[in-house]
Amino acid sequence: LHGLLVPVLDRAAFLDPASQPPARPMLLVLVHGGDACGVLIEGMPRRLRFDPDASADAASVPAALAALATRGVLVDDQLWSDLDVAALLDLL
């Protein structure tokens with residue numbers, strides 16, 4: 001977009017190497033400057049609103065993300081995790 005090259009990661013392939021690529025891939029760029037990294041996502045990102053009491057059990061977080069998840073919540077019976085982005089990029 002601004003003439004800078006950034007690495008792009010496929011989070012689905014990271015979590016499940018046998019997964020299919022997104023039907024409608026979009027690029028979400030995390031961080032800024034030299035630490036920027038793109039992540040392929042399915043469709044446009046959306047803002048989640050959740051009840052703070054809807055915390056999920058830590059065991060519900062996928063094993064590949066367990067060390068990176070700062071919390072998990074249930075939104076419409078679907079698990080969402082807050083991730084430590086800096087730790088994720090260091091790992092990848």
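**Exercise 1. Decide whether Leu15 is buried, partly exposed or exposed, and place it in the chain.**

Step 1. Leu15 has a relative accessibility of 37% and therefore counts as partly exposed. Buried means under 20% relative accessible area, exposed over 50%, and partly exposed in between, with a 1.4 Å probe and protein chains only.

Step 2. Leu15 sits in helix H1. Helices (H or I, at least four residues) and strands (E, at least two) are DSSP runs, numbered from the N terminus.

Step 3. Together with Phe14, Leu91 and Leu92, Leu15 makes a nonpolar surface patch of about 340 Å². Patches are made of residues with over 30% relative accessible area and no salt bridge; like charges are joined within 9 Å and nonpolar side chains (Val, Leu, Ile, Met, Phe, Trp, Tyr) within 5 Å. Accessible areas come from the Shrake-Rupley method with a 1.4 Å probe, and for residues only the protein chains shown count as cover.

**Basis of the values.** This is a predicted model, in which local features need pLDDT of at least 70 and side-chain atom pairs count only at pLDDT 80 or more, while totals for chains, interfaces and linings use all residues. Residues are numbered from 1 along each chain as its sequence is written, and side-chain values use heavy atoms, with hydrogens and water left out.

**Exercise 2. Describe the overall fold.**

Step 1. The protein has two helices and five strands.

Step 2. Along the sequence they follow the pattern β-α-β-β-β-β-α.

Step 3. Of the 92 residues, 21% are buried. The C-alpha atoms fill a box of roughly 45 × 25 × 25 Å, taken along the principal axes.

**Exercise 3. Find the salt bridge and state which parts it ties together.**

Step 1. The structure holds one salt bridge, that is, a side-chain nitrogen of Lys or Arg within 4 Å of a carboxyl oxygen of Asp or Glu.

Step 2. The partners are Asp82 and Arg71, whose closest N and O atoms are 3.0 Å apart. Asp82 belongs to strand S5 and Arg71 to strand S4, so the pair ties together parts that are 11 residues apart in sequence.

Step 3. Asp82 is partly exposed at 36% relative accessibility, and Arg71 is partly exposed at 41%.

**Exercise 4. Characterise the largest pocket.**

Step 1. The largest pocket holds about 1100 Å³ of space. On a 1 Å grid over the protein atoms alone, a cavity is a set of points where a 1.4 Å probe fits but cannot get out, whereas a pocket is an open set with protein on both sides within 12 Å along at least five of seven lines; lining residues have an atom within 4 Å of a point.

Step 2. The lining has 29 residues, and Arg11, Ile41, Trp80, Ser81 and Leu83 lie nearest the centre. S5 gives the most, with six residues.

Step 3. By class, the lining has 20 nonpolar, three polar and six charged residues.

**Exercise 5. Find residues with a positive phi in the loop between S4 and S5.**

Step 1. Most residues other than glycine have a negative phi.

Step 2. Asp76 is not a glycine, yet has a positive phi of about 50 degrees. Asp77 also has a positive phi, near 65 degrees.

Step 3. Asp76 is exposed, with a relative accessible area of 70%. Asp77 is exposed at 77%.

Notes:
Grid points are joined across faces, edges and corners, and a volume is the space filled by probe spheres set on the points. Ala, Val, Leu, Ile, Met, Phe, Trp, Tyr, Cys and Pro count as nonpolar, Asp, Glu, Lys and Arg as charged, and the others, Gly among them, as polar.
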